[in-house]
Amino acid sequence: MSHYEAPIRKPLVTGDKTYHDVTVDVAAPVEGKANKSWWIVFSIALIAFLWGIGCIIYTVSTGIGTWGLNKTVGWAWDITNFVWWVGIGHAGTLISAVLLLFRQKWRMAINRSAEAMTIFSVIQAGLFPIIHMGRPWLAYWVLPIPNQFGSLWVNFNSPLLWDVFAISTYLSVSLVFWWTGLLPDFAMIRDRAITPFNKRIYSILSFGWSGRAKDWQRFEEVSLVLAGLATPLVLSVHTIVSFDFATSVIPGWHTTIFPPYFVAGAIFSGFAMVNTLLIIMRKVSNLENYITIQHIELMNIVIMITGSIVGVAYITELFVAWYSGVEYEQYAFLNRATGPYWWAYWAMMSCNVFSPQFMWFPKLRRSIMFSFIISIVVNIGMWFERFVIIVTSLHRDYLPSSWTMFSPTFVDIGIFIGTIGFFFVLFLLYARTFPVIAQAEVKTILKSSGEKYKKLREAGIDHRDELPKVKAKITIKGEASEIVEKQVEEASQEDINSLLDNIGTFDAATETADDLKKVNGIGPVMETKLNEIGIFTFDQVSRMTETEYNLLDSITGSFPGRAQRDDWAGQADKLKNN
């Protein structure tokens, strides 16, 4: 019987990263300064946000008559944007929850950004109904407060009230799910923090995470429970949004296909927005090794599938309208395709049905630029879908005397652009304060796949022997002239001599060794290593500066940056004077 060896999967993390590399790369956007790309994108988003704020203030102070609403098209622009933003918010939690339940490894690099997208997009969606009330300071009236206004209760028969409960529930579960996943990463930033303020803030955010086995057990259990809750919520929330339309008697709305059709469309637009954000994030935060071409390709496949489902839903709508024999229903769909808003209908069809079909070609779906363009095109198409459903069904009523045309005002457009700016402002600030990659989870897949480990195995090298020391090159048999790095334990004597020249040497005949374990951050193992180098006294440690810290890191290879963060020199200076 011949020996069968399972093929090694394509690496989900490229660049031959070590565990420490992952930590440094994930922490870099939080600990370091923002690069030029970040500032450019943030500036554009902030300008759009401020413009939107101005339009909202103008609307609230003047009244929603500043919008392009009229008697017939009373929902128009704002509810179009509301449904669009809710749809975008769905894919984030879906990606994280469903892929977690199915144990998909590729979710680990993208789930954090996807979950954040859900939170920020639902916030944008919530703005529109509140402003649409006309008097947003009375928004609490939608809450079921018994006898607050005599015997008046909110109308539980209203689908708009269903939205309030569905979306607030979805936002709550998504927020808890997102925050739970962040706990190990907050703890990582806390342990790396140099300033007491940062350490204090991330200590609060991490809820006392210690990394014990019990912490991880509870983390896994809670994550699975929340994923199990979030998955049906993804389906139910947009189903309820579809009931805003399907429970009416407006031609083009009163249809049973709306719930599954809206859910498929929401996942479709949400995946497209996640793809857009990931392509931007991998560039702005230098995460190309973690958000790889493979991740983008898998996202594109989902976009292609859901786009096809949406296309089938469009065709089904047309068929049902024709087969029903109801002239009002037939006219509604004929008017969409050939009436005054024909351009919006065909923009919707082109963007949502035809453009995703390009993803059947592997070369195109693996192209970053093409994926970015298609993702934006899909989101434009999904906005047009909501516009077509709402405006074209309302602007031609049962009575020709009430027919009218809708056109948005500069305030409508300004508020919408403002929400897009607000969304990106929140997302970019999140990327600077929260770890955007689930580093603890990514580390679990580092050695599960990849050509690097196959080559090491062929060379007879056990990857567990790799230590972050000085590197020696070994030629791997099987591939001519291919070089990989094997890390060995011998430290550079030159670095040791340079270090001791700077901090002084220890003379056992005239000096007494100190108990270096009194320095916070130096344990028995580290003390032994320091003694082997020639460091025995607080006086030697107290002379360390950044140069010596770097030399020490390169020699020991243990917890790089730890000595500087814990300020060993400052601690030793106090101890030697006691």
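**Helix packing, a loop residue and two cores**

Mentor: In this predicted model, helix α3 passes helix α5 in a left-handed crossing.

Trainee: Why are α3 and α5 called oblique to each other?

Mentor: Helix α3 (residues 76-101) and helix α5 (residues 159-192) pack at an angle of about 40°, and their axes are 11 Å apart. Angles under 35 degrees count as roughly parallel and those from 65 to 115 as roughly perpendicular. The angle between α3 and α5 falls in neither range, and the pair is therefore oblique.

Trainee: Which residues make the contact of α3 with α5?

Mentor: Among them are Phe 82, Val 86 and Leu 100 of α3, together with Ile 167, Tyr 170 and Phe 177 of α5. By class, this contact has 7 nonpolar, 5 polar and 1 charged residues.

Trainee: What makes Ile 250 partly exposed?

Mentor: The relative accessible area of Ile 250 is 21%. Buried means under 20% and exposed means over 50%. The value for Ile 250 lies in between, so this residue is partly exposed. Ile 250 is placed in the loop between α7 (213-246) and α8 (258-284). Leaving aside residues up to four places away in sequence, Ile 250 touches Ser 393 and Leu 394.

Trainee: Which residues touch the most other members of the largest nonpolar core?

Mentor: They are Met 117, Tyr 430 and Ile 437, in a core of 127 residues. Apart from that core lies another, of 22 residues, including Leu 500 and Phe 538.

Conventions. Residues are numbered from 1 along each chain as its sequence is written. This is a predicted model: local features need pLDDT of at least 70, side-chain atom pairs count only at pLDDT 80 or more; totals for chains, interfaces and linings use all residues. Side-chain values use heavy atoms; hydrogens and water are left out. Helices (H or I, at least four residues) and strands (E, at least two) are DSSP runs, numbered from the N terminus. Buried means under 20% relative accessible area, exposed over 50%, partly exposed in between (1.4 Å probe, protein chains only). Contact means heavy atoms within 4.5 Å. A nonpolar core is a set of buried Ala, Val, Leu, Ile, Met, Phe, Trp, Tyr and Cys residues joined through side-chain atoms within 4.5 Å. Axes are lines fitted to C-alpha atoms, for helices over the stretch in contact, and angles run from 0 to 180 degrees between N-to-C directions. Angles under 35 degrees count as roughly parallel, over 145 as roughly antiparallel, 65 to 115 as roughly perpendicular and the rest as oblique. A crossing is left-handed if the near helix is turned anticlockwise from the far one by less than a right angle, and right-handed if clockwise. Ala, Val, Leu, Ile, Met, Phe, Trp, Tyr, Cys and Pro count as nonpolar, Asp, Glu, Lys and Arg as charged, and the others, Gly among them, as polar.
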